[in-house]
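Colleague: Could you take me closely through one part of this predicted model, the stretch around the third helix and the loops on either side, and then place that part among its surroundings? I would like one connected account rather than a list.

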Amino acid sequence: MKSTDDLFNEIIPLGRLIHMVNQKKDRLLNDYLSPLDITATQFKVICSIRCAQCITPVELKKVLSVDLGALTRMLDRLVCKGWIERRPNPHDKRGVLIQLTQDGAALCERGHQLVGQDLHQELTKNLTADEVASLEYLLKKVLP
């Protein structure tokens, strides 16, 4: 007879496994970033803005795959913390552009230094180098 753990592991669909791994990654990221008083979600927003340098909220919503209302509330919190600023969009008089402040850019850099390779090593500590390479290869095949 199979154990409860065996039965549980057999019925977890791939999407659920990916979701669970993402949750584990976010918990670890929250732990690593806690000295900077920033959450994993806030850090992802700031890093996405950093990559684009200047982005509209709608573009940012698409990059992050989040609800626009939730993103607006997040952006409000990040403005209050002094990490981002909203500027008028010269191409859309009703729109705004989001960009990092100097403090936001410095925070993003400190966050990357704090997390470094530690997060990757923690997530893959039970895998061989070949398994990590295979996992990366397979996940990239799922994304296109």
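Modeller: Gln53 counts as exposed because its relative accessibility is 64%, and a residue is called exposed when that value is over 50%. This glutamine is found in the loop between H3 and H4, and although Gln53 is not a glycine, its phi is positive, at about 70°. Most residues other than glycine have a negative phi. Asp37 also has a positive phi, near 60°, in a residue that is not glycine, and the place of Asp37 is in the loop between H2 and H3. With a relative accessible area of 55%, Asp37 is over the 50% cut-off and is therefore exposed. All of this comes from a predicted model, and the values are to be read as such.

Between these two loops the helix itself can be followed through two of its residues, Ser48 and Ile46. Ser48 is found in helix H3, which covers residues 40–52, and because its relative accessible area is 16%, under the 20% limit, Ser48 counts as buried. Once the neighbours within four places in sequence are left aside, Ser48 is in contact with Leu60, Val63 and Leu64. Of these partners, Val63 lies in helix H4, and its relative accessible area of 55% is over 50%, so Val63 is exposed. Seen from the side of Val63, and not counting residues up to four places away in sequence, the contacts are with Ser48 and Ile55. The C-alpha atoms of Val63 and Asp76, which stand 13 residues apart along the chain, are separated by 18 Å.

Ile46 has another set of partners: leaving aside the neighbours within four places in sequence, Ile46 is in contact with Ile38, Leu78, Trp83, Leu100, Gly104, Leu107 and Cys108. Ile46 also belongs to the largest nonpolar core, a set of 25 residues in which Ile38, Val45, Ile46, Ile49 and Leu75 touch the most other members. At least two residues of this core are supplied by each of H2, H3, H5, E2 and helix H6 (102–115), and the largest share, six residues, comes from H3. In soluble globular proteins, nonpolar side chains tend to be buried together.

Val45, one of the core residues with the most contacts to other members, also takes part in the lining of the second largest pocket, where Thr41, Lys44, Val63 and Leu64 are among the other lining residues. About 250 Å³ of space lies in this pocket. H3, helix H4 (57–64) and helix H5 (68–80) each give at least two residues to its lining, and H5 provides the largest share, with four residues. By class, the lining of the second largest pocket divides into seven nonpolar, two polar and three charged residues. Val63 thus appears in two settings, as a contact of Ser48 and as a lining residue of this pocket.

The largest pocket has about 1,100 Å³ of space, and its lining is made up of 22 residues, among which Val21, Leu123, Thr124, Leu135 and Leu139 lie nearest the centre. The elements that give two or more residues to this lining are helix H2 (14–33), helix H7 (118–123) and helix H8 (129–142). Twelve nonpolar, four polar and six charged residues make up the lining of the largest pocket.

The strands complete the surroundings, since E2 is one of the elements that supply at least two residues of the nonpolar core described above. Strand E1 (residues 84–89) and strand E2 (residues 92–100) run antiparallel and are joined by six bridges. Together E1 and E2 form a hairpin, with two residues between them. The bridge partner of Asn89 in E2 is Asp92, while Arg86 stands opposite Ile98 in E2.

To return to the part you asked about, H3 lies between two loops that each hold an exposed residue with positive phi, Asp37 in the loop between H2 and H3 and Gln53 in the loop between H3 and H4. The helix itself gives six residues to the largest nonpolar core and at least two to the lining of the second largest pocket.

Methods. Residues are numbered from 1 along each chain as its sequence is written. This is a predicted model: local features need pLDDT of at least 70, side-chain atom pairs count only at pLDDT 80 or more; totals for chains, interfaces and linings use all residues. Side-chain values use heavy atoms; hydrogens and water are left out. Buried means under 20% relative accessible area, exposed over 50%, partly exposed in between (1.4 Å probe, protein chains only). Contact means heavy atoms within 4.5 Å. Two strands pair if DSSP finds at least two bridges between them. On a 1 Å grid over the protein atoms alone, a cavity is a set of points where a 1.4 Å probe fits but cannot get out, and a pocket is an open set with protein on both sides within 12 Å along at least five of seven lines; lining residues have an atom within 4 Å of a point. Grid points are joined across faces, edges and corners, and a volume is the space filled by probe spheres set on the points. Ala, Val, Leu, Ile, Met, Phe, Trp, Tyr, Cys and Pro count as nonpolar, Asp, Glu, Lys and Arg as charged, and the others, Gly among them, as polar. A nonpolar core is a set of buried Ala, Val, Leu, Ile, Met, Phe, Trp, Tyr and Cys residues joined through side-chain atoms within 4.5 Å.
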